[in-house]
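Here's a quick walk through one model, mostly about how its helices sit against each other. Have the viewer open as you read.

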Amino acid sequence: MSNLPPQRHRFDVAALQLKQYPYGEGDQILLLLTREHGLLRAIAKGTRKPRSKLAGLLAPLRCNQLTLVCGRNLHRVEQASSLQSFSSLQNDYDALMAGLVMGEVTAAFCQEEDPQPALFDAFCLGLLQLQSGFAPRALLLWFLLYLLENQGFYQDWRYCAGCERQLQAKDRVFLLGSAGVLLCQPCKPGAEGARYLYPEQLLALQQLQQAPEPLPLDLDERRCNGLLWFLQQHLEQLSGKSLKSFAFLYPLPEAGSASPVATPVKQGVNTP
Ligand SMILES: [Zn+2]
């Protein structure tokens with residue numbers, strides 16, 4: 001339910017900038033995440049022209065205090081001041097990419113003018129942790145699982161989705177990416193595309209379940225990428241959108257091999 005003021009009225013809002021697009025001669029369209037109004041789209045006039053005062057403030061993954069003029073489809077940025085620049089992310093490729101994936105996934109799942117207080121706070125916490133050096137892939141795993149739960153796609157990683165048996169560390173467990181569920185060995189036959197899950201990956205999923213903040217994980221980069229790849233399949237299935245920024249997290253496929261998404265991996269949940 002929208003809680004915006006009437007059209008042409010001003011309102012102030014703290015906003016995380018998720019994306020921006022060039023528009024017209026020198027303008028930009030901003031996609032913003034706010035606590036009170038969820039996603040908002042706003043036009044920033046003249047910010048692609050030299051000498052624009054706002055240009056430096058309006059960049060992805062910055063948090064600004066904005067004064068917006070309410071419009072029917074698009075609000076207009078009237079003033080901006082910086083709340084958090086998260087500027088050190090610009091010098092750390094993996095941290096920056098993790099932040100951009102957070103932004104793309106958030107944009108794919110949230111609705112405009114639908115308040116998102118918990119997700120907004122989790123996003124800010126994630127960026128602060130990235131800025132202070134938290135392992136980017138572990139942080140991203142936490143955020144994506146948090147977002148799934150927050151948006152109503154709760155999955156209990158302690159149980160097999162087929163027989164509802166509690167999964168133990170010693171079990172052979174399989175992930176079905178398209179459905180975002182775990183299956184035990186007897187339930188796996190017939191589930192096309194299910195992949196073996198390493199015990200440490202199962203443990204990480206279970207540890208992150210309902211974790212209010214990021215946790216350090218005992219997973220190397222390859223195992224982290226495997227889980228991220230699985231979550232990418234699941235999030236794309238749920239949102240019906242292709243989440244392109246994930247590609248920046250994985251190593252490039254070797255010449256002549258298929259894309260990471262199309263390459264089956266026999267041993268387990270790993271990107272090639
Ligand atoms: Zn089962």
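Which residues of α2 are buried? They are Leu119, Phe120, Ala122, Phe123, Gly126, Leu127, Gln129 and Leu130. Keep in mind that this is a predicted model.

**Helix α2 and its surroundings**

The 15 residues of α2 should span 21 Å at 1.5 Å a residue, and the end C-alpha atoms are in fact 21 Å apart, so the two agree. The buried residues of this helix pack against β1, β2, α1 and α3. Just after α2 comes Gly133, which has a positive phi near 100 degrees.

**Helix α1**

Helix α1 takes in residues 93–109, which is 17 residues. From the first C-alpha to the last, α1 reaches 25 Å, close to the 24 Å expected. A good stretch to look at is its buried set: Ala95, Ala98, Gly99, Leu100, Val101, Met102, Gly103, Glu104, Val105, Thr106 and Phe109. Those buried residues have several partners, packing against β1 (10–23), β2 (27–34), α2 (117–131), α3 (136–150) and α5 (221–239).

**How the helices pair up**

Two packed helices are described by the angle between their axes and the distance between the axes. Here are the three pairs in those terms.

| Helix pair | Angle between axes | Axis distance |
|---|---|---|
| α1 and α2 | about 170 degrees | 10 Å |
| α2 and α3 | roughly 180 degrees | within 10 Å |
| α3 and α5 | roughly 30 degrees | within 10 Å |

Start with α1 and α2, which pack at about 170 degrees. An angle over 145 degrees counts as roughly antiparallel, so α1 and α2 are roughly antiparallel to each other. On the α1 side the contact uses Ala95, Ala98, Gly99, Met102 and Thr106, and on the α2 side Leu119, Phe123, Gly126, Leu127 and Leu130. By class, the residues of this contact are 7 nonpolar, 3 polar and no charged. If you're wondering about the spacing of names in lists like these, an α-helix has 3.6 residues a turn, so residues three or four places apart point the same way.

Next come α2 and α3, whose axes cross at roughly 180 degrees. That makes α2 roughly antiparallel to α3. From α2, the residues involved are Ala118, Leu119, Ala122, Gly126, Gln129 and Leu130, and they meet Pro136, Leu139, Phe143, Tyr146, Leu147 and Asn150 of α3. The contact of α2 with α3 splits into 9 nonpolar, 3 polar and no charged residues.

What about α3 and α5: which way does their crossing turn, left-handed or right-handed? The crossing of α3 and α5 is left-handed. Their axes cross at roughly 30 degrees, and angles under 35 degrees count as roughly parallel, so α3 and α5 are roughly parallel to each other. In this pair, Arg137, Ala138, Leu140, Leu141 and Leu144 of α3 meet Glu221, Cys224, Asn225, Leu227, Leu228, Leu231 and Leu235 of α5. The contact of α3 with α5 comes out as 9 nonpolar, 1 polar and 2 charged residues.

**Two single residues to click on**

Gln232 belongs to helix α5. Is Gln232 buried or exposed? Gln232 has 25 C-beta neighbours inside 10 Å, so it counts as buried; the cut-off for that is 20 or more. Leaving aside neighbours within four places in sequence, Gln232 is in contact with Leu243 and Phe246. Gln232 and Gly180 are 52 residues apart along the chain, with 9.7 Å between their C-alpha atoms.

Tyr23 sits in strand β1. With 16 C-beta neighbours inside 10 Å, Tyr23 counts as partly exposed. Not counting residues up to four places away in sequence, Tyr23 touches Gln28, Ile29 and Ile43. The C-alpha atoms of Tyr23 and Arg48 are separated by 9.0 Å, with the two positions 25 residues apart along the chain as an offset.

**Positive phi in the loops**

Most residues other than glycine have a negative phi. Glu164 has a positive one, near 65 degrees, and lies in the loop between α3 and β6 (173–176). Glu164 is exposed, because 10 other C-beta atoms lie within 10 Å. Gln210 also has a positive phi, near 60 degrees; its place is the loop between α4 (199–208) and α5. With 10 C-beta neighbours inside 10 Å, Gln210 counts as exposed.

Note on methods:
Residues numbered from 1 in each chain as written. Predicted model: local features only at pLDDT ≥ 70, side-chain atom pairs only at ≥ 80, totals over all residues. Helix = DSSP H or I, 4+ residues; strand = E, 2+ residues; numbered from the N terminus. Expected span 1.5 Å × (residues − 1). Buried ≥ 20, exposed ≤ 12 C-beta atoms within 10 Å, placed from the backbone. Contact = placed C-beta atoms within 7 Å. Axes fitted to C-alpha atoms, helices over the stretch in contact; angles between N-to-C directions. Parallel < 35°, antiparallel > 145°, perpendicular 65-115°, else oblique. Left-handed = near helix turned anticlockwise from the far one by under 90°. Nonpolar A, V, L, I, M, F, W, Y, C, P; charged D, E, K, R; others polar.
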